[in-house]
Amino acid sequence: TGDALQQASEAALESTGGGKVTETEVGDEESYYEVEVTLDDGSQVDVQLDESFQVVDSTADVEDDE
């Protein structure tokens with residue numbers, strides 16, 4: 001929430017080169033913060049951040065249609 005949400009969102013959007021933040025999570029099993037970004041083409045990217053808002057991983061969020 002608040003400042004932490006803003007910083008995490010800005011770091012994630014910088015990493016992806018734009019898009020819209022559609023979901024955030026604190027204390028994710030993979031990192032301290034997880035920010036889901038939906039890109040202009042509709043694809044989604046999960047950006048993992050540490051406590052200092054540094055990107056530690058970024059993966060395409062692929063929906064399983066099965």
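Helices (H or I, at least four residues) and strands (E, at least two) are DSSP runs, numbered from the N terminus. The model described here is predicted: local features need pLDDT of at least 70, side-chain atom pairs count only at pLDDT 80 or more, and totals for chains, interfaces and linings use all residues. Residues are numbered from 1 along each chain as its sequence is written, and side-chain values use heavy atoms, with hydrogens and water left out.

A suitable point of entry is Asp 57, which belongs to strand β4, residues 55-60. Asp 57 is partly exposed, with a relative accessible area of 34%; buried means under 20% relative accessible area, exposed over 50%, and partly exposed in between (1.4 Å probe, protein chains only). Not counting residues up to four places away in sequence, Asp 57 touches Asp 46, Val 47 and Gln 48, where contact means heavy atoms within 4.5 Å. Between the C-alpha atoms of Asp 57 and Val 47, ten residues apart along the chain, the separation is 6.0 Å.

The strands themselves come next. Strands β3 and β4 run antiparallel and are joined by five bridges; two strands pair if DSSP finds at least two bridges between them. They form a hairpin with five residues between them, and Phe 53 in the turn has a positive phi of about 65°. On the other side of the account, β2 and β3 also run antiparallel, with six bridges joining them. Their hairpin has five residues between the strands, and there Gly 42 takes a positive phi near 95°.

Strand β3 is largely enclosed by the rest of the structure, because five of its six residues are buried. Asp 46 lies in this strand. Its bridge partner in β4 is Thr 59, while Glu 36 stands opposite Asp 46. Asp 46 is buried yet has no salt bridge, and Lys 20, the nearest side chain of opposite charge, is 15 Å away. A salt bridge is a side-chain nitrogen of Lys or Arg within 4 Å of a carboxyl oxygen of Asp or Glu; for charge, Lys and Arg count as positive and Asp and Glu as negative, whereas His and the chain ends are not counted.

Val 47 leads to the largest nonpolar core, which has ten residues in all, including Val 47, Ala 12, Tyr 33 and Phe 53. Helix α1 (2-16) and strands β2 (33-38) and β3 (44-49) each supply at least two residues of this core. Such a core is a set of buried Ala, Val, Leu, Ile, Met, Phe, Trp, Tyr and Cys residues joined through side-chain atoms within 4.5 Å.
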